[in-house]
Amino acid sequence: MGSYCTSGKDQFDNLEKHTQWGIDVLEKYIKFVKERTEIEISYAKQLRNLSKKYQPKKNSKEEDEYKYTSCKAFLATLNEMNDYAGQHEVVSENMTSQITAELTRFVQELKQERKLNFHDGRKAQQNIETSWKQLEASKRRFERDCKEADRAQQYFEKMDADINVTKADVEKARQQAQIRHQMADDSKGEYSSILQKFNHEQHEHYHTHIPNIFQKIQQMEEKRIVRIGECMKTYAEVDRQVIPIIVKCLDGITKAAESIDQKNDSQLVIEAFKSGFEPPGDIDFEDFTQPMKRTVSESSLSNSRWDGKSEPKPGSKSKGKLWPFIKKNKGGGPEDFSNLPPEQRRKKLQQKVDELNKDVQKEMDQRDALTKMKDVYIKNPQMGDAASVDHKLAELGQNMEKLRLEAQKFEGWLAEVEGRLPVRTEQTRRQSGMYDTQNTSAVNNCVQDRESPDGSYTEDQSQESEMKVPVTEFDDEFDDEEPLPTIGTCKALYTFEGQNEGTISVTEGEMLYVIEEDKGDGWTRIRRNEDEEGYVPTSYVEVYLDKNAKDS
């Protein structure tokens with residue numbers, strides 16, 4: 001194998017440039033990994049924000065939606081995505097600690113080592129250059145002394161051959177020549193000594209010092225190359241380490257998707273919106289060609305039904321009212337929820353009973369706590385006056401009694417509904433789908449009394465409890481009430497022909513006011529102007545509720 005010391009003796013400057021390039025490569029890789037970690041952190045943050053954005057809001061309608069398996073699966077997907085984001089944070093943390101931080105420290109050490117090696121190299125070069133200069137100076141001096149000695153010798157010989165020169169001048173020239181020869185001999189010895197020394201130093205420089213320095217630089221450079229390779233392996237390994245957990249997250253999403261049960265969701269919808277009504281039966285044919293042959297019962301029914309009111313004109317539309325269009329009392333409906341379908345009413349009553357029982361239990365817990373406090377005060381009078389608790393205990397007792405009476409009232413209504421849910425008899429099948437607060441036998445007995453002269457079914461409930469009034473009186477009372485305030489606006493998505501009483505016709509694209517939200521029955525109450533209001537199917541309109549209405 002080749003080495004720097006054999007292939008680059010005179011390439012010291014090139015090696016210096018190359019090693020600096022190597023450090024630049026390391027710093028470039030550090031920057032690359034750092035930017036990758038920033039991307040991972042940013043991506044994880046965006047994923048967490050996305051998961052948080054679509055999480056169901058507490059105490060909102062969205063929480064109710066998550067009883068469906070499809071919504072549960074979506075919630076599981078959000079949670080898994082949150083964990084998925086966490087793995088990207090792990091990737092960022094591990095790359096920062098295992099690559100960026102370590103490699104940055106290594107680069108600093110490498111720079112110091114490189115600086116030291118090249119300092120030694122520069123110093124060695126300066127030493128050999130200094131020795132070379134000394135050798136050159138000694139050589140020039142020896143050459144000069146030799147020339148001076150030769151000239152002195154020639155001058156002496158000239159003087160010695162001239163008969164006109166005195167003996168003293170000849171002697172003086174001879175001595176000068178000897179001095180010059182001695183100086184030449186001294187310079188020769190010095191030059192020889194310096195030359196031997198330089199040759200030794202040069203040999204050491206090129207065969208020991210510089211090769212050692214080059215070897216250190218080579219080792220330093222190879223160490224850099226190995227280190228960047230190790231970092232690249234770590235880069236891949238950090239990603240590989242989180243793959244099993246990411247796979248688990250994806251498996252969790254798949255498992256959640258496989259848990260979706262369309263039958264279960266459909267059943268929940270049925271349970272939530274079933275009304276308990278029986279579908280209406282067939283409508284009998286009425287022969288208007290023989291109006292005089294009507295039965296006495298029908299005539300008497302017509303008279304009693306329209307007593308005090310004008311007779312409906314023949315051929316006019318029947319205004320048989322269906323349950324969804326019953327106008328509600330001001331203030332949100334009757335206390336016993338009698339304005340709701342049987343099944344919905346039962347759920348509301350059950351909910352109210354549960355709430356009252358919880359309140360009773362809460363009062364009982366407070367009473368028990370106060371009773372214990374009173375016992376402590378009796379045993380330890382210094383801690384407090386036992387008589388001061390009596391007033392609160394009496395107040396709790398009164399509250400509990402009120403709540404029990406209230407619960408009994410609602411339990412009575414609940415028992416009444418549960419014992420009176422529609423029974424599939426021939427007569428109930430003939431009902432028009434209206435809600436009747438009487439029990440099944442009472443409904444069966446009064447079906448004929450509720451038939452209008454033209455054979456349709458109305459909501460005349462004059463035989464019910466005092467809380468109910470005939471429809472005509474109820475309408476009059478309703479007309480006298482102040483109009484409900486608007487809670488928003490809506491846009492008609494489709495044209496709806498409101499042919500039943502209590503409904504209102506709308507045209508596609510029309511803008512109207514919303515005065516009552518959908519209460520779960522599929523109908524929304526709207527208003528066109530002061531005189532025109534009624535119900536439309538919720539699916540026929542797009543509702544925009546005011547913010548205040550939403551908050552309330």
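**Glu-143 and Lys-147 are four residues apart in helix α4, which puts about one helical turn between them.** This is a predicted model, where local features need pLDDT of at least 70 and side-chain atom pairs count only at pLDDT 80 or more, while totals for chains, interfaces and linings use all residues. Residues are numbered from 1 along each chain as its sequence is written, and side-chain values use heavy atoms, with hydrogens and water left out. The two side chains here meet in a salt bridge, at 3.6 Å from N to O (a Lys or Arg side-chain nitrogen within 4 Å of an Asp or Glu carboxyl oxygen). Glu-143 is partly exposed at 41% relative accessible area, and Lys-147 falls in that class too, at 46% (buried is under 20%, exposed over 50%, partly exposed in between; 1.4 Å probe, protein chains only). Searching the whole structure turns up 23 salt bridges, so there are a few others to look at below.

**Arg-174 and Glu-171 make a salt bridge with the closest N and O atoms 2.1 Å apart.** Both belong to helix α5, and with three residues from one to the other they are separated by about one helical turn (helices are DSSP runs of H or I with at least four residues, strands are E runs of at least two, numbered from the N terminus). Arg-174 is partly exposed, with 27% relative accessible area. Its partner Glu-171 is partly exposed as well, at 31%.

**Asp-185 and Cys-146 are 39 residues apart in sequence but 8.1 Å apart in space, C-alpha to C-alpha.** Asp-185 belongs to helix α5. Its relative accessible area is 48%, which makes it partly exposed.

**Gln-218 and Thr-19 are 199 residues apart along the chain, yet their C-alpha atoms are separated by 9.2 Å.** Gln-218 is another residue of helix α5. Unlike a partly exposed residue, Gln-218 is buried, with a relative accessible area of just 8%.

**The largest nonpolar core holds 27 residues, and Leu-26, Tyr-29, Met-95, Ile-99 and Leu-103 touch the most other members.** Such a core is a set of buried Ala, Val, Leu, Ile, Met, Phe, Trp, Tyr and Cys residues joined through side-chain atoms within 4.5 Å. Helices α2 (12-53), α4 and α5 (167-258) are the elements that give two or more residues to it. The top contributor is α5, with 11 residues.

**Leu-50, Tyr-54 and Phe-74 come together as a nonpolar surface patch with about 270 Å² of accessible area.** Patch members have over 30% relative accessible area and no salt bridge; like charges are joined within 9 Å, nonpolar side chains (Val, Leu, Ile, Met, Phe, Trp, Tyr) within 5 Å. Areas are Shrake-Rupley values with a 1.4 Å probe, and for residues only the protein chains shown count as cover. Phe-74 is part of helix α4, which spans residues 69-161. At 36% relative accessible area, Phe-74 is partly exposed.

**Five strands build an open sheet in the order β4-β3-β2-β1-β5, with antiparallel pairing.** The edges go to β4 (533-537) and β5 (541-545); each has a single partner strand, so one side of each lacks a neighbour in the sheet. Strands count as paired if DSSP finds at least two bridges between them. Further in, β1 (residues 488-492) is joined to β2 by four bridges, running antiparallel. Thr-489 has Tyr-513 of β2 as its bridge partner, and Tyr-513 in turn has Arg-527 of β3 as a bridge partner.

**The β2-β3 hairpin has six residues between its strands, and Gly-520 in the turn takes a positive phi of about 105 degrees.** Three bridges hold β2 (residues 511-516) to β3 (residues 523-527), and the two strands run antiparallel. Look for Glu-516, which stands opposite Arg-525 in β3.

**Arg-525 and Glu-533 bring their side chains together in a salt bridge, 2.9 Å from N to O.** Arg-525 is buried, with a relative accessible area of 3%. Glu-533, on the other hand, is partly exposed at 25%. Follow the shared partners and you get one network of salt bridges that joins Glu-516, Arg-525, Arg-527 and Glu-533.
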